[in-house]
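Trainee: Could we go through this structure together, taking one topic at a time?

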Amino acid sequence: MSTFRPFLDEACVDAHRARTWQRMGRALFVVLVAMLVATNAHADVDGQPSVAIYYGNDVPVDMLAQFDWAVVESEHMQEGQLDALEQYGTQAFAYVSLGEAEHWRAGESLPSEALKARNEGWNSQAADLTQKKWGDYIVNERIRPLWNQGYRALFLDTLDSYRLFATDDEAAAEQQQALVALIKRIRSEFPGIKLLLNRGFEVLDQVRGDIVGVAAESLYQSWDVRTQSYRDVKPEDTQYVLDRLREVRNDYGLPAIAIDYVAPADRELARQTARRIADEGIVPWVSNGALNQVGVGSIEPMPRKVLVLFDASEVEYNEVAYSNAHLNIAMPLEYLGYGAVYKDVDSPLPEDTLRGRYAGVVSWLNGRVGAQSAYRDWLLKQMRDGVQVAMFGSPGIPVTGELSDLTGLQVVPSISDEGLEVVDHDDMLGFEGMPSTPATNETGYELMNDGVTAHLSMRDGNGAKFVPIATGSWGGVALSPWLIQQGMADQARWILDPFAFLKRALALPDMPVADATTENGSRYWMTEVDGDAFMNRAAFPGNPFTSQVMLERIFKQYRVPTTVSVIEGELSPEGLYPELSSQLEPIAREIFKLPWVEIASHTFSHPFDWPALKEGDLAGEGRTAAGFAYNLPIEGYRYSLEKEVAGSTRYINENLAPPGKRVTTLLWSGNALPPEKALAIADRLGLENLNGGNTHIMSDNPTLLDVTPMLRPQGKHMQVYAPVINENVYTNDMTGPYWGFRRVIETFKLTDEPRRLKPIDIYYHFYSAGRPAALNALKDVYAYARSQRTLPLFASEYSRIARNWYDAGVARRLDGGWQITGATHMRTLRLPASLGWPDMAASSGVVGVSDLRPGRYVSLSGEPRVTLQLQQREPSTPYVRRSNGRITQWRNAGGDVTLEMAAEHVPLEIELAGTTGCRVSADGASRRGGGNTVTLRYTGSTSGPVRIDCG
């Protein structure tokens, strides 16, 4: 495809540049360069938009949406991506080559008679701008479709390409006038359209009122398309471009943008170049020559995704959820702040430049991959580009040749199984367990240079030394069997510290960490109820329905946000129990009338094994490993995802929901592995989704291997796992002990400290009302949750928070601060102690901070763009230290704060800090404390305005 032309018109503009330099002395140039070096290192570009340019095939919308302006190739944008890119205020600019026909975009409508010269470097043809057919082609064939797609801004490139054939001043002037006319025609035919130019300096006087900014390439660093190499820009060329950009900024009052080019592996040079450009008050964008890399601009988006590779051929149904990569690595990555993007190692892997987009590549493979040659070539390219690589289990390919050279590892051949012993290891080993007798090692490495660190050193009976776990500047490798120690039955332990290994191997920086467990210093508490056993009879006097017992003894007694689901196939006249429908449906209606109850569907036929079911399968067929049918045996029903999701939702809305309430959430059933199509239906209906995962860590097996991830991506859609599993696991599928769900309290504690990994999730079925022991255990669980500092919320909101967590942007600003984009539901950052505290006065959209045992949590307002500035001391200006509610309004004006908060169906509490010398006004609240802290308590769930006057 066509892209920017660094030095494309170098020869064409030599005459113009020469005339310019005849009027400038070389001595003056030397003086100017010296002045550049002395420029203030914190020059202000805040008054100009941050800009990103990306032409790759797979557009990283979540990263580009952190910029004010983002230039994209529209052909590579998928359905819905334009809206996603602009949802937080980013202006998307579609690329348009105004002066050239691109070979890959050529079609029957291309006016070939207008094409006058070939640009060999980019395999395109320069057009005669004076020809009407060319203007018609640009307006009608290139721009109008973009306008119809929703683009309201264009980036106009190749404005100077006419110089390839218009070599004298008269011919060039004629082309320039045609260029001006074409720009004005575009503005006329597409009212309000924003135009950003690449160069076009000769016509700026005439189009200054028609454009919003001007870019130019290669201020300090360039890409030579002829030699396919990066190079420093000559000083005289730097001065020429700098002068032109200063004119744009100073004389025309427009944003001036410099696009420079640096090799992907040299990220530090990219940062230095961006700072150098910004020091001139010019907006920087520094990327690779193909502009298919997330580069560095006025901000540097920090990669929050990791490319996670697994071998689909090794797992049941080729399902990532059954892979070690998902089960064991995703949760530690999520805790560190990184979402997993899964790829089958034998499938086509991403072709665009990954440095800057992903924090690294992580693989968990059990042996050699199928596509040996393709994977080897791909992996070597990533490592040459400076992408960090962490390999678990097996590298999947032989560590030989260039891979050996890059890693500094050499395979030790013929390791003997006899006499294995551990020579040495550091604290990266023994995380949860350490084998007393080393297991068989199929391979190991010799370290070839001092840049590689051995974390475990071993020796076999023949005296051969080898290293199974090592890290280096490139990443790290951790070989089986030194990852997990297997005990009896389901007992297992981490040998390797996955958090420490990932942080070191991927060279993860200290940065604010997006967090989906906590808000305003309080741990999330959600309650969700699957609809199973709604129609069962309870072991209480009169044998009432379990649903009636749950309504009277739990739902009415615990007035906290509760998400309750039903299974249509168990309640409706079309289901398994039509004779009970007239008794069951009224109970459901009573439950759903409760203000603190949120309505959910638990599907129509309760699929137990989602991957095994196919559209049209007769209900009740097949058997799971546990002996269940694949779904409920509803007579005459043939399996349909539409019926399971949309149909069950419609049934509840039309028959059970009270006026003004509707189904908000789909609680997945059975093994809770819905296919992408089911998630797509839920998204189409505007439903949140939850369930799946199997977090059940307990004190008799306190391993983080029993803490599963938060998310399961499926194509374009996202499944949100339940934070903690339901009572079935704790009661052995309700076969006893019936009081077993009390042990979920152990899970809550073990997922809180030393690392807060999960919210509190009281997740159960109607089974729990079937026996007194089970019901009493449930009450004990509620009592524990009530004793904690929590922020109660509905399951639907937690689902929004978890999904928002995946795409929220964290960017480093050139001034050393941080920009957070899109944290509208997920409103918390966990701050490493090394970064200090938030500077409340200098930040915007930051409402508070809480220093808790699991970490330091910074609270955000929910605004689309937030700026976080840091300091080394605790804030002395007003902030929210803790609340069980969420911010609904926030304003901080010079230290005087006005805020409003709301809780979900519980009395609101707010603890303020930094209030020394300030007057706190809060109508309707009782207050406690004074001086530096004030606690406000309300009888209702909302605050009204709270004003803190420190003047």
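Mentor: We begin with terms: helices are DSSP runs of H or I with at least four residues, numbered from the N terminus, and lining residues have an atom within 4 Å of a point of the cavity. Please keep in mind that this is a predicted model.

Trainee: Which helix gives the most to the lining of the second largest cavity?

Mentor: The structure holds six cavities of 30 Å³ or more, and the second largest has a volume of about 170 Å³. Its lining comprises 15 residues, with E334, Y335, T517, M710 and L757 lying nearest the centre. Two helices, α10 (324-336) and α22 (795-807), each supply at least two residues of that lining, and the one that gives the most, with three residues, is α10.

Trainee: How many charged residues does the lining of the second largest cavity have?

Mentor: The class counts for this lining include nine nonpolar residues and one polar residue. The charged residues in the lining number five.

Trainee: Which residues form the covered face of strand β49?

Mentor: In a regular strand the side chains alternate between the two faces of the sheet. In β49 (residues 896-902), the uncovered face holds D896, T898, E900 and A902. The covered face is therefore made of the alternating residues, and in β49 these are V897, L899 and M901.

Trainee: Which residue of β54 is the bridge partner of V897?

Mentor: Strand β48 (residues 886-893) runs antiparallel to β49 and is joined to it by seven bridges, with I887 partnered by M901. β49 also pairs with β54 (residues 946-949), in the antiparallel sense and over three bridges. There, the bridge partner of V897 is I948.

Note on methods: Residues are numbered from 1 along each chain as its sequence is written. This is a predicted model: local features need pLDDT of at least 70, side-chain atom pairs count only at pLDDT 80 or more; totals for chains, interfaces and linings use all residues. Side-chain values use heavy atoms; hydrogens and water are left out. Buried means under 20% relative accessible area, exposed over 50%, partly exposed in between (1.4 Å probe, protein chains only). Two strands pair if DSSP finds at least two bridges between them. On a 1 Å grid over the protein atoms alone, a cavity is a set of points where a 1.4 Å probe fits but cannot get out, and a pocket is an open set with protein on both sides within 12 Å along at least five of seven lines; lining residues have an atom within 4 Å of a point. Grid points are joined across faces, edges and corners, and a volume is the space filled by probe spheres set on the points. Ala, Val, Leu, Ile, Met, Phe, Trp, Tyr, Cys and Pro count as nonpolar, Asp, Glu, Lys and Arg as charged, and the others, Gly among them, as polar.
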